[in-house]
Amino acid sequence: MPKTAPRFSNKLITWYLRNKRDLPWRNTTNPYHIWLSEIMLQQTRVLQGLPYYLKFVETFPKVEDLASAPEDEVLKLWQGLGYYSRARNLHATAKRVADEMNGVFPNNYKDLLKLKGVGDYTASAIASISFNQPEAVVDGNVYRVLSRFFGISTPINSTAGQREFKALAQQLIDKKRPGTFNQAIMEFGARYCVPQNPDCENCIFNGSCIAFQQKKVAELPVKIKSKPVKQRFFNYLVILSENERTVLQQRNGKGIWHKLYEFPLIETSKEIEVSELKKLPQFQDFSEKINIRNISLYNQEAVVHKLSHQHLNTRFWIIETFDETESSVAISEIESYAVPVLIANFVSEFFENY
């Protein structure tokens, strides 16, 4: 164990107890609430995730309520948080806990790991906060604090780095107050030891932080460069019939937005013009099914929707038709469907004065 471990832990917890934000999941040890908050806050900022957490708890007060809800309702409530596999895993796990475990969450790290969508971080958070088990959490905030304080340059997204930081966090955790320690180090990383321009001059650890002493704060933590961002080109066909109906389709293939709804989509290798659109086999097959009256491009400049490893360059083609298409939905009902935020933004803008 590092010699500084007790001092580090005590100073960190003292700072946390004086400065922590008053967040609803910090006023409970209920594993259902802790699990909800941790799943929602993965890759999501607290301010963005808080309204979703409150809405879920209000709509589904118990895990049984979440388990019995239709998947479409869960996805709709999740809309805007992104990474929709989290919502599907959330729903699947709720069903398992409700149906196979009598609504009682596992009370230990090992069994929590067996739940769908629960990895090391979430299992550690629930085990420590709900059941007072000394299981250290390691997320982006923790990596940043530990790499800077101890001057560790092992890449955090390498197998060796993940093992090293997990072992170090496990050594540092306050075994009498594991949940408090875990929340303290995450809070400190999120609010003080921030990625860019942290206020090191006034940091409680500046007297012993190796990165600060060696002027390496901006260099740590080290991360192996990821693959280049993939550029994709989406062409959505927004069908408008005379009786104010349109077409939505559910995504059922692998990849992004599984089981969410969207307008008929044609993906191309580059941006295209209307003459090129009409020549595409997918469009020709589509046009045989409806009597197209007019085609117009809603946005000449593509909307760039940025995901973690890909950018979706998106254009919306307005297809006016005389026909009532199969499986059509009323334009007024679109907002009841779970759709990607990209579609939701377009619907809000385009149909507001339609």
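This passage looks at the cysteines and the internal cavities of a predicted model.

A natural place to begin is with the cysteines. Across the whole structure, the search returned 0 disulfides. C200 takes part in no disulfide, and its nearest cysteine sulfur, belonging to C203, lies 6.3 Å away. A disulfide calls for two cysteine sulfur atoms within 2.5 Å. C209 is likewise in no disulfide, with the sulfur of C200 as its nearest cysteine sulfur, at 6.4 Å. As for solvent exposure, C200 has a relative accessibility of 16% and so counts as buried. C209 also counts as buried, because its relative accessibility is 10%.

Some of these cysteines turn up again in the cavities. The whole structure holds 2 cavities of 30 Å³ or more, and the largest encloses about 140 Å³ of space. Its lining comprises 14 residues, and those nearest the centre are F188, C193, C203, F205 and C209. Helix α9, spanning residues 140–150, contributes the most to this lining, with 3 residues. By class, the lining of the largest cavity consists of 12 nonpolar residues, 1 polar and 1 charged.

The second largest cavity has a volume of about 30 Å³. Among the residues lining this second cavity are F233, F234, N235, K270, E271 and R315. Strands β1 (230–241) and β8 (310–321) each provide at least two of the lining residues, and β1 gives the largest share, with 3 residues. Here the lining divides into 4 nonpolar, 3 polar and 3 charged residues.

Notes: Residues numbered from 1 in each chain as written. Predicted model: local features only at pLDDT ≥ 70, side-chain atom pairs only at ≥ 80, totals over all residues. Heavy atoms only, no water. Buried < 20%, exposed > 50% of the residue type's maximum accessible area, 1.4 Å probe, protein only. 1 Å grid on protein atoms, 1.4 Å probe; cavity = no way out; pocket = protein on both sides within 12 Å on 5 of 7 lines; lining within 4 Å. Points joined across faces, edges and corners; volume = space filled by probe spheres on them. Helix = DSSP H or I, 4+ residues; strand = E, 2+ residues; numbered from the N terminus. Nonpolar A, V, L, I, M, F, W, Y, C, P; charged D, E, K, R; others polar.
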